[in-house]
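Please look over the sequence and the structure before reading on. The report below is meant to be read beside them.

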Amino acid sequence: MFVLLFGPPGSGKGTQASALAERLAIPHVATGDIFRKHLREGTALGKLARSYMDRGQLVPDLVTCDLVASRLGEADAAGGVLFDGFPRSVPQLYWLLGHLGATGRGLAHVVNLQVNEELILARITGRRTCTNCGATFHVDSAPPDSSGNCRRCGSPVVQRKDDTEAVVQDRLVAYAAQTFPCLEQLTERVPVHNVDGVGSIDSVRERIFAALAL
Ligand code: AP5
Ligand code: MG
Ligand code: ZN
């Protein structure tokens, strides 16, 4: 089953993805997380991606689709994946539909997380990310451990370079111009479940599960 977790920056895609992927028994594929892994490892792809990510712009479609094609070629992805942050432009969406369609597969559901801009800013500027495993926290709603480290692996947490208020504004512009238009295209093809992303992490998760009848 191929499912999309859609929504603006800071809407809670990464936060909700693990529980949902586990319930659906499919891997979580987040292009932003994969780019950040390359960045940490200092690969050529990481260096290229950084130049776009630090400015809040999208990494070029060809590069991103190549990355997803190779991830989808891995054995665990054969039965489906939960996409988070992909597709993020209309060309990426058409590429994905073509790629899956070529082997008789398709998208089963889209979960569209809806939050207002004020909350997006508060969530993103308060987010802290583990330097080792990539787990995310929030200074108010989901803080790191008592020594300020990752609750999952104990490593230091930092603020993502693109989580400053100035870069968030650019990410929101990119979302409105390039990503949001995918929704209209998706609505014509796939069941799109609009889910209110405002509220506690648990209550949003319950709404997502209810929307998908899980
Ligand atoms: P990416 O990493 O995908 O970032 P994004 O889409 O901007 O989304 P975020 O990860 O910022 O937000 P989220 O929805 O996951 O929120 P989260 O759950 O963490 O992309 C980064 C960059 O990579 C892009 O700008 C681009 O350059 C590049 N890129 C990635 N994919 C690409 C693609 N397909 N094509 C081209 N370029 C691409 O939550 C945010 C915070 O809020 C956390 O601190 C969390 O703890 C807190 N929180 C979440 N839910 C709640 C709640 N219910 N209550 C209280 N706090 C909450
Ligand atoms: Mg995320
Ligand atoms: Zn960690």
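The sections that follow cover a metal site, strands, salt bridges and a ligand in this predicted model.

## The zinc site

The zinc ion (ligand 3) is held by four protein donors, the SG atoms of C130, C133, C150 and C153, which lie 2.3 to 2.4 Å from the ion. The angles among the 4 donor atoms run from 99 to 118 degrees, and the site is tetrahedral. It counts as tetrahedral because four donors need all angles between 85 and 135 degrees. For comparison, the ideal angle for four tetrahedral donors is 109.5 degrees.

Along the sequence, the donor residues follow the spacing C-x2-C-x16-C-x2-C. Two of these donors, C133 and C153, link distant parts of the chain and are 20 residues apart. C133 sits in the loop between β5 (127–130) and β6 (136–138), while C153 sits in the loop between β6 and β7 (157–158). C133 has 27% relative accessibility, so it counts as partly exposed. C153, at 34%, is also partly exposed.

## The sheet around β5

Strands of a sheet pair through backbone hydrogen bonds, in either a parallel or an antiparallel way. Here, an open sheet of 3 strands has the order β6-β5-β7, and its pairing is antiparallel. β6 and β7 stand at the edges with a single partner strand each, so one side of each has no neighbour in the sheet.

β5 and β7 are joined by 2 bridges in the antiparallel sense. The zinc donor C130 has V157 in β7 as its bridge partner.

## Strands β4 and β8

Strand β4 (residues 107–114) pairs with β8 in the parallel sense, over 5 bridges. In this pairing, L113 stands opposite V195 of β8.

Which residues of strand β8 (residues 192–196) lie on its covered face, and which on its uncovered one? H193 and V195 make up the covered face, whereas V192, N194 and D196 make up the uncovered face. V195 therefore belongs to the covered face and is also the residue opposite L113.

## Salt bridges

Side chains of opposite charge can pair when their charged atoms come close. How many salt bridges does a search of the whole structure find? The search finds 15.

One of them joins R171 and D163, whose closest N and O atoms are 2.9 Å apart. Are R171 and D163 buried or exposed? Both are buried. R171 and D163 also belong to a network of salt bridges that includes R127, R160 and D162.

Another salt bridge is formed by the side chains of D54 and R50, at 3.8 Å from N to O. D54 is partly exposed, at 25% relative accessibility, and R50 is partly exposed at 38%. The side chains of E206 and R205 also meet at 3.8 Å, N to O. E206 has a relative accessible area of 46% and is partly exposed, as is R205 at 23%.

## Around ligand 1

Ligand 1 is surrounded by 33 residues, and the closest are T15, Q57, R88, R127 and R171. R127 and R171 are also members of the salt-bridge network.

Backbone atoms of three glycines lie at short listed distances from the ligand. A polar backbone atom of G10 is 2.8 Å from an oxygen atom of ligand 1. A polar backbone atom of G85 is 2.9 Å from a nitrogen atom of ligand 1. For G199, a backbone N or O atom lies 2.8 Å from a nitrogen atom of ligand 1.

Key:
Residues numbered from 1 in each chain as written. Chains lettered and ligands numbered in written order. Predicted model: local features only at pLDDT ≥ 70, side-chain atom pairs only at ≥ 80, totals over all residues. Heavy atoms only, no water. Donors = N, O, S within 2.8 Å, 3.2 Å for Na, K, Ca; no water. Tetrahedral: all angles 85-135°; square planar, octahedral: opposite > 155°, others 65-115°. Helix = DSSP H or I, 4+ residues; strand = E, 2+ residues; numbered from the N terminus. Buried < 20%, exposed > 50% of the residue type's maximum accessible area, 1.4 Å probe, protein only. Pairing = 2+ DSSP bridges. Salt bridge = Lys/Arg side-chain N within 4 Å of Asp/Glu carboxyl O. Near = heavy atom within 4 Å. Polar contact = N/O pair within 3.5 Å; in protein donor to acceptor, adjacent residues only side chain to side chain.
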